Amino acid sequence: MEMSLVAGFWLVSFLLIMTPGADWAYTISAGIHGRAILPAVAGLISGHLLATIVVVAGVGVLIAGHPLALSAITLLGALYLLWLGISLLRHPATVSSTRPQSGGWNQWALKGLCISGLNPKVFLLFLALLPQFTDPHGQWSMPMQMSALGLMHLITCTLTYLLVGYGSRALLASRPQAARVVSRVSGGLMVAIAALLLHEQIR
């Protein structure tokens with residue numbers, strides 16, 4: 001693979017990761033809960049990994065050709081985000097080193113997997129981007145090239161989300177009122193993204 005293609009993909013991937021969205025909102029929420037950061041990030045990354053595998057395996061092209069399948073995934077993801085967002089708005093998280101973690105490892109990981117795994121934009125992102133940064137005449141096969149690029153994206157995602165999670169906890173640890181505000185903003189962002197996805201489907 002040419003380094004120019006690898007560098008170009010990493011730059012685009014990084015810029016997209018740095019754009020706040022549902023993943024960021026969930027990671028910040030996990031940061032407020034403290035010990036929930038690792039399982040939350042693991043769940044989010046699992047969703048991105050699932051999208052990578054689907055695209056590399058060629059299933060992505062088949063799903064993209066069936067609007068009903070994409071619509072179903074979008075609706076499920078939007079409704080799930082809506083439920084999570086409303087839950088955060090009703091019960092905003094607060095930072096407390098003495099309070100037990102809300103929910104276990106599996107629960108936080110499963111929520112993260114659903115947020116990124118049911119987000120059709122993550123899947124379509126890989127479908128649109130990965131092939132553009134591969135070399136059909138390269139020594140590596142196309143699936144190997146896309147797998148390598150997907151792995152690089154996953155590593156960048158993991159590091160970024162961990163920094164966001166632990167950074168939000170460090171900044172909000174001594175500011176309980178700010179933690180509640182940020183939690184409500186995260187919930188509002190999830191609701192807004194869900195509403196946008198639902199509006200796109202209805203339109």
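Visitor: Which helix do tryptophan 10 and phenylalanine 14 both lie in?
Guide: This is a predicted model, so read the geometry with that in mind. Tryptophan 10 and phenylalanine 14 sit four residues apart, about one turn of the helix. Residues three or four places apart in an α-helix point the same way, because a turn takes 3.6 residues. The element that holds both rings is helix H1.

Visitor: How are those two rings arranged, stacked or edge-to-face?
Guide: A pair of aromatic rings is described by the distance of the centres and the angle of the planes. For tryptophan 10 and phenylalanine 14, the centres are 5.1 Å apart and the planes make an angle of 10°. Planes under 30 degrees apart put a pair in one particular class. That class is stacked.

Visitor: Are tryptophan 10 and phenylalanine 14 buried, partly exposed or exposed?
Guide: Tryptophan 10 has a relative accessible area of 35%, and phenylalanine 14 has 27%. Buried would need under 20% and exposed over 50%. Tryptophan 10 is partly exposed, and phenylalanine 14 is likewise partly exposed.

Visitor: Which residues form a nonpolar patch on the surface, together with Trp10?
Guide: One of them is a leucine in helix H1, which spans residues 3-17. Leucine 15 counts as exposed because its relative accessibility is 52%. The patch has about 300 Å² of accessible area together, and Trp10's partners in it are Leu11 and Leu15.

Visitor: What is the class of the pair made by tyrosine 26 and tryptophan 108?
Guide: The structure holds two aromatic pairs. In the tyrosine 26 and tryptophan 108 pair, the ring centres are 5.5 Å apart. The planes meet at 35°, so the pair is tilted.

Visitor: How many residues apart are tyrosine 26 and tryptophan 108?
Guide: Both of these residues are buried. Tyrosine 26 belongs to helix H2 and tryptophan 108 to helix H6, and their pair links distant parts of the chain. The separation is 82 residues.

Visitor: Which helix gives the most to the largest nonpolar core?
Guide: In soluble globular proteins, nonpolar side chains tend to be buried together. The largest core here has 28 residues, and those touching the most other members are Tyr26, Ile45, Leu81, Trp108, Ile115, Tyr161 and Met190. At least two residues of this core come from each of H2, H3, H5, H6, H8 and H9. The biggest contribution, seven residues, is from H2.

Visitor: And how many residues does the other core have?
Guide: This second core lies apart from the largest one. Among its members are Val54, Phe123, Leu130 and Leu149. Its size is 13 residues.

Visitor: How many residues of H2 are buried?
Guide: H2 has 12 residues and reaches 17 Å from first C-alpha to last, close to the 16 Å expected. Polar names turn up in its buried list too, including Asp23, Thr27, Ser29 and His33. H2 is mostly covered, with the buried count at 12 of its 12 residues.

Visitor: What about H6, which of its residues are buried?
Guide: H6 has 13 residues and reaches 18 Å between its end C-alphas, close to the 18 Å expected. Trp108, the ring paired with tyrosine 26, is on the buried list. The full set is Trp108, Ala109, Lys111, Gly112, Cys114, Ile115 and Ser116.

Visitor: Which glycine follows H3?
Guide: H3 covers residues 37-56 and reaches 28 Å from its first C-alpha to its last, close to the 28 Å expected. H2 is followed by glycine 34, with a positive phi near 80°. After H3 there is also a glycine with positive phi, near 90°, and that residue is glycine 58.

Visitor: How far apart in space are isoleucine 37 and valine 164, C-alpha to C-alpha?
Guide: Isoleucine 37 is found in helix H3. With a relative accessible area of 1%, isoleucine 37 is buried. Along the sequence, isoleucine 37 and valine 164 are 127 residues apart, yet their C-alpha distance is 9.4 Å.

Visitor: What separates the C-alpha atoms of serine 46 and serine 116?
Guide: Serine 46 is in helix H3 as well, and counts as partly exposed at 35% relative accessibility. Serine 116 is on the buried list of H6. The two serines are 70 residues apart along the chain, and their C-alpha atoms are separated by 8.0 Å.

Conventions:
Residues are numbered from 1 along each chain as its sequence is written. Side-chain values use heavy atoms; hydrogens and water are left out. The expected span of a helix is 1.5 Å times one less than its number of residues. Patches are made of residues with over 30% relative accessible area and no salt bridge: like charges are joined within 9 Å, nonpolar side chains (Val, Leu, Ile, Met, Phe, Trp, Tyr) within 5 Å. Accessible areas come from the Shrake-Rupley method with a 1.4 Å probe; for residues, only the protein chains shown count as cover. A salt bridge is a side-chain nitrogen of Lys or Arg within 4 Å of a carboxyl oxygen of Asp or Glu. Buried means under 20% relative accessible area, exposed over 50%, partly exposed in between (1.4 Å probe, protein chains only). A nonpolar core is a set of buried Ala, Val, Leu, Ile, Met, Phe, Trp, Tyr and Cys residues joined through side-chain atoms within 4.5 Å. Rings of Phe, Tyr and Trp (its six-membered ring) pair if their centres lie within 6.5 Å; planes under 30 degrees apart count as stacked, over 60 as edge-to-face and the rest as tilted.
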